[in-house]
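Let's walk through how two protein chains meet in this model. Have the structure open and turn it as you read.

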4 protein chains.
Amino acid sequence: MIGIGIAGYGYWGPNLARAVADTGAARVEMVADMSEAARGRAALRHPSARLTGDLLEMIQDPKVDAVMIATPVHTHYELAMAALRAGKHVLVEKPLTDCPVKAARLVEEAARRGLTLMVDHTFIYTGAVQTISDLVGRGELGDIYYYDSTRVNLGLFQSDVNVIWDLAVHDFAIMDHLIPSRPVAISASAASFVSNSPENMAHLTVYYECGAMAHLNVNWLAPVKIRQTLIGGSRKMVIYDDMQTSEKVKIYDRGASRKPGTYEHLVSYRLGDMYAPALSSKEALLGMAQEFLRCIETGAVPLTDGRNGQRVVEMLAAASRSTEMRGHPVDLVGLKVAS
Amino acid sequence: MIGIGIAGYGYWGPNLARAVADTGAARVEMVADMSEAARGRAALRHPSARLTGDLLEMIQDPKVDAVMIATPVHTHYELAMAALRAGKHVLVEKPLTDCPVKAARLVEEAARRGLTLMVDHTFIYTGAVQTISDLVGRGELGDIYYYDSTRVNLGLFQSDVNVIWDLAVHDFAIMDHLIPSRPVAISASAASFVSNSPENMAHLTVYYECGAMAHLNVNWLAPVKIRQTLIGGSRKMVIYDDMQTSEKVKIYDRGASRKPGTYEHLVSYRLGDMYAPALSSKEALLGMAQEFLRCIETGAVPLTDGRNGQRVVEMLAAASRSTEMRGHPVDLVGLKVAS
Amino acid sequence: MIGIGIAGYGYWGPNLARAVADTGAARVEMVADMSEAARGRAALRHPSARLTGDLLEMIQDPKVDAVMIATPVHTHYELAMAALRAGKHVLVEKPLTDCPVKAARLVEEAARRGLTLMVDHTFIYTGAVQTISDLVGRGELGDIYYYDSTRVNLGLFQSDVNVIWDLAVHDFAIMDHLIPSRPVAISASAASFVSNSPENMAHLTVYYECGAMAHLNVNWLAPVKIRQTLIGGSRKMVIYDDMQTSEKVKIYDRGASRKPGTYEHLVSYRLGDMYAPALSSKEALLGMAQEFLRCIETGAVPLTDGRNGQRVVEMLAAASRSTEMRGHPVDLVGLKVAS
Amino acid sequence: MIGIGIAGYGYWGPNLARAVADTGAARVEMVADMSEAARGRAALRHPSARLTGDLLEMIQDPKVDAVMIATPVHTHYELAMAALRAGKHVLVEKPLTDCPVKAARLVEEAARRGLTLMVDHTFIYTGAVQTISDLVGRGELGDIYYYDSTRVNLGLFQSDVNVIWDLAVHDFAIMDHLIPSRPVAISASAASFVSNSPENMAHLTVYYECGAMAHLNVNWLAPVKIRQTLIGGSRKMVIYDDMQTSEKVKIYDRGASRKPGTYEHLVSYRLGDMYAPALSSKEALLGMAQEFLRCIETGAVPLTDGRNGQRVVEMLAAASRSTEMRGHPVDLVGLKVAS
């Protein structure tokens with residue numbers, strides 16, 4: 001059985017530990033958190049796990065084969081690098097790091113050592129995103145024209161990252177997974193309406209090499225929770241509404257095209273059926289944990305590997321730079337295309 | 001009774017003519033349209049109106065006191081200027097003109113001649129916008145933080161204007177009416193996904209002097225029709241959903257603020273009641289027509305006067321310039337504040 | 001061209017007259033209404049039609065080939081019988097009559113004279129009901145288990161009929177069209193919450209020979225308007241929500257069945273896809289008028305013929321009797337099966 | 001600390017045990033379940049609790065002060081009576097018993113011994129029902145005209161009870177809590193569409209002494225989950241939609257009344273504002289457990305005491321009898337009014 005060390009048992013760490021236990025294929029060997037209260041909660045739920053307040057000690061422990069990192073973002077790089085250097089496989093909570101250079105170094109280190117480096121972009125493992133991904137892969141949507149997401153709610157305000165690093169990161173991960181083209185530039189604007197707090201509202205536009213556009217509306221200060229994404233393709237269009245209890249993904253056989261040789265009615269419309277496929281109800285976090293274990297055992301490249309995490313961090317960094325210039329577009333020339 | 005001349009009896013002209021008749025205070029004296037078929041339709045519905053294919057002839061007619069212009073946008077300026085010079089009051093379909101300089105000239109001409117110049121920004125006369133306007137005026141929302149609008153649907157693609165001039169114009173008119181601060185810059189991006197057609201999707205960010213931000217998402221190529229606006233204020237927040245048959249305007253007593261002196265929980269939330277006021281069911285177009293007649297008779301300044309129309313055109317032009325630069329922000333330094 | 005006489009130009013008559021004109025295949029020859037104001041409105045919209053305050057005079061007029069009756073329910077029988085005896089084809093606003101015996105007499109009279117007798121059950125001509133009817137006809141739903149409808153709103157209170165005769169009539173017509181089995185009994189309860197007014201709320205259960213059940217919830221005193229029908233079949237289930245602007249009809253590949261030979265988990269569930277077919281956008285009233293004209297010309301039996309109207313009136317009468325006995329079921333033994 | 005014995009650790013027992021632990025004011029002393037697997041699950045979550053396969057043994061244990069019964073319905077009476085006779089306070093999962101006589105005996109036994117007898121009607125402890133209860137208590141709704149509930153979904157089919165005893169029980173408990181008048185008769189119809197299974201669809205009408213009517217639509221074989229209740233009052237109306245993530249309770253200032261002395265327009269309408277109060281987010285089950293402990297300690301009468309449970313069982317039994325007679329109404333003459 002693979003021995004897992006959990007680094008950070010605050011908000012997300014308990015979920016990771018529980019998912020590990022649910023796989024039945026790995027064991028929560030150790031839990032490390034500087035907070036005694038956190039360690040106390042871990043003891044109740046994982047009585048056989050060893051506890052420590054020293055994260056680096058856990059990372060060195062020979063019984064720990066792989067480390068899952070769920071600490072504040074600014075600590076991801078140091079802990080992940082230490083774990084890789086100690087020969088451990090590493091899963092990092094999103095975003096992978098707080099800067100692209102650090103992300104690149106982690107990717108290189110993992111590659112050199114032949115270790116699995118994975119980022120917990122949980123949404124990629126949901127039935128909804130998997131279904132949309134299949135649609136795109138089969139060509140059912142045709143060329144992707146746009147990805148347009150609204151991801152707003154009231155709170156929770158973060159103190160160490162702004163709303164882009166907290167919410168847009170989900171869309172960047174989904175976009176990296178779904179859109180076959182390469183993002184070439186980002187224009188973003190942001191504002192903070194609570195004093196001495198990070199930006200809590202932002203709008204981001206991503207330009208793709210193929211002409212597609214993505215747009216994200218993220219906000220911690222909205223009256224209600226909205227999680228709605230429209231995806232327009234040349235053949236079909238999708239509405240993905242994560243707040244629906246059923247029918248989260250609707251696929252519309254609708255579109256418009258120019259009639260050749262016409263003058264009066266330039267554009268013709270297609271208004272066909274809609275269907276909402278039954279989605280897998282498997283828990284996304286469990287699927288993510290299973291993917292991590294599978295890749296450790298087989299050496300396969302994870303669906304959300306380090307390079308995926310790196311590309312997402314590069315987009316986050318570019319978006320941040322654009323916000324400082326009121327939407328002036330920032331190029332993403334070096335960004336590699338998702339395979 | 002005020003004699004009205006209708007210039008253009010295509011898509012919108014019949015609605016204007018019908019609204020004039022419904023006021024009971026004015027008469028459709030003439031209808032001018034170059035299309036014989038259009039004149040035929042006008043004859044059936046307004047049998048006592050005179051018909052002509054020559055728009056300038058109608059504009060000169062002594063029985064016509066005021067002209068309503070519902071022709072293609074690029075003809076607005078010429079027809080409106082001719083009408084003002086002939087001493088007629090003028091109402092122009094939105095947008096007022098296709099360029100800010102022309103709008104300014106119309107405003108000046110009307111002012112010099114003491115004539116009423118008004119633009120048909122119909123949304124301003126809806127019960128929904130009037131209710132929100134009252135809320136803002138009473139200070140119930142507090143400071144306005146943001147205005148965030150999604151205005152998307154499938155079609156109708158226009159051939160002479162793009163989606164910004166067709167759909168964003170509604171939001172610019174509402175924003176000019178609601179937001180007391182001055183817009184200082186616009187960043188916009190747009191794309192066309194139908195060959196040889198104007199841009200059919202755009203995202204626009206408007207920066208206000210007070211720090212408020214507005215964001216518009218307009219799209220002719222969406223699978224479903226969405227008309228939803230979120231307005232965030234320091235005291236309350238609003239959702240205005242025009243697709244609802246009831247409860248179009250919801251007001252939330254919700255927000256967030258920084259707790260002074262705290263470290264652990266930086267931000268506190270307010271999660272109070274929501275209420276949806278009963279809205280006036282009076283038809284907006286009728287109210288607009290009555291406002292035009294009232295101002296002709298009293299010399300009052302219309303709610304949507306020429307200056308309002310001019311400011312909206314300036315925003316449209318700035319947005320268009322920004323789209324040509326992939327979201328590079330365009331300043332609106334000269335724009336006057338709505339009174 | 002078939003000459004049509006409109007009997008009653010109050011609420012519904014103008015719609016019938018307009019639909020006749022829209023067919024292009026018939027002419028509004030006369031309009032009869034005792035109210036001078038109503039005749040004035042008719043004159044404006046149908047300037048070539050002759051007007052009279054004497055309904056029986058119009059019915060006798062040789063230029064009138066067919067009569068459309070949109071007068072209060074209690075007058076339907078007398079006017080329709082007079083028209084049939086004068087050799088005219090007859091369309092009657094729903095419900096056909098206020099009593100089953102009268103309905104039967106009209107059916108017999110029309111049959112003996114070879115005239116078309118039709119009832120304006122408009123819903124049967126909507127794209128939504130036609131689509132569901134096709135599904136049932138193709139066997140896609142399997143055996144129909146239940147039809148469960150909620151049809152509530154605030155007002156309009158009628159003074160001459162109660163909510164069953166005003167709203168449940170729509171469902172009875174749809175059920176007669178969709179459900180191949182024979183209704184055998186009805187249990188209904190009703191209440192009035194406004195003094196000196198007819199019952200404004202009722203719940204009705206209809207038992208079918210095949211074991212299917214229908215249930216209707218009709219109410220004039222509900223806070224919002226709901227028009228939602230669930231139809232359960234052995235193979236698929238339908239939600240028909242008439243308040244939706246799109247996706248009025250959703251078809252679910254869902255169900256439950258008993259696993260043979262199991263003890264622990266008795267019932268297995270099927271949770272498949274949903275789809276929402278694109279519906280015909282043709283106006284239902286126009287389709288109804290065309291059906292009337294087609295049957296007059298060809299002698300065909302209308303989709304909503306007199307027998308259909310008669311069966312609906314028999315159900316209405318049985319439901320009324322049951323409400324007087326607090327839901328005691330009333331047999332419908334004589335009711336013929338819809339062909 | 002009060003020692004609690006959990007009888008039955010299948011579907012609901014674990015929730016009760018967890019709620020007991022969450023109160024911090026009682027201890028899960030013992031868990032009894034005949035299934036070894038169930039006891040294994042209990043051991044993991046409540047390591048300090050003693051386990052037994054003999055329910056009567058646990059009931060006799062001196063360390064057990066109170067018993068929570070979450071076994072199949074037909075065993076409730078025997079176990080609860082044994083516990084009362086052993087001097088234990090008792091909480092029973094809904095419904096209290098499978099027959100009114102047994103419920104009455106439990107109530108008498110508890111009263112004679114001065115023990116707390118309570119039924120777990122969890123909905124009564126939700127923020128939504130508490131808010132509506134406050135509205136009714138303050139008279140804000142006026143006289144209650146109707147209670148109209150739709151409670152449908154796909155599965156879970158029960159094998160020992162039908163849909164009335166599984167789902168309508170929730171509404172009966174809420175109605176007993178909310179409606180001050182006395183129910184006098186019930187008319188109900190039911191059907192089973194899965195062979196050899198209990199009835200999975202039912203419609204119930206409850207007649208109240210004051211003239212109010214309640215209607216319930218319960219169904220295990222619906223394509224989607226609906227939990228919607230309309231409550232009509234003389235002053236205001238309520239929509240309670242439990243599937244909404246926010247705004248579960250909406251209160252409408254709407255209604256209709258007869259205009260005295262009018263002829264033309266008989267009924268006038270009131271179309272005022274709607275508001276949705278912020279609801280308590282406290283977990284209902286925790287509140288229920290705290291109420292049980294409070295009443296054990298103070299001798300107070302629980303909000304959902306045995307008499308409340310008894311009245312609900314009497315309604316369930318009357319509804320069942322009516323279904324056997326196709327909706328023939330069954331009198332509830334002996335039913336006591338909720339205090």
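Start with charge: between chain C and chain D there are 0 salt bridges by the distance rule used here. Keep in mind that this is a predicted model. What you do get across this interface is polar contact, with 16 residue pairs counted between chain C and chain D.

So who sits on the chain C side? The residues there that touch chain D split into 32 nonpolar, 18 polar and 5 charged. Plenty of strands chip in: β7 (144–154), β8 (183–191), β9 (201–208), β10 (213–219), β11 (221–233), β12 (237–241), β13 (249–258) and β14 (267–276) of chain C each give two or more residues to the side facing chain D. The top contributor is β11(C), with 7 residues.

Now for the overall extent. On each side 55 residues are involved, 55 from chain C in contact with 55 from chain D. Together the two chains bury about 4,400 Å², and carbon and sulfur atoms account for 68% of that area. If you want three residues to click on, try F193(C), P223(C) and R326(C): they supply 15% of the area chain C buries against chain D, more than any other three residues.

Finally, look at how the two copies are arranged. Chain C lands on chain D after a rotation of 180 degrees with 0.0 Å of shift along the axis, at an RMSD of 0.1 Å. The copies are therefore related as by a two-fold rotation axis. To find that axis from chain C, go to H328(C), whose C-alpha is the nearest one in the chain, 2.3 Å away. The interface fits this picture too: 100% of the interface residues of chain C are also interface residues in chain D, so the copies meet through the same surface.

Notes. Residues numbered from 1 in each chain as written. Chains lettered and ligands numbered in written order. Predicted model: local features only at pLDDT ≥ 70, side-chain atom pairs only at ≥ 80, totals over all residues. Heavy atoms only, no water. Contact = heavy atoms within 4.5 Å. Buried area = accessible area lost by both parts, 1.4 Å probe. Salt bridge = Lys/Arg side-chain N within 4 Å of Asp/Glu carboxyl O. Polar contact = N/O pair within 3.5 Å; in protein donor to acceptor, adjacent residues only side chain to side chain. Helix = DSSP H or I, 4+ residues; strand = E, 2+ residues; numbered from the N terminus. Nonpolar A, V, L, I, M, F, W, Y, C, P; charged D, E, K, R; others polar. Least-squares fit on C-alpha atoms with pLDDT ≥ 70 in both.
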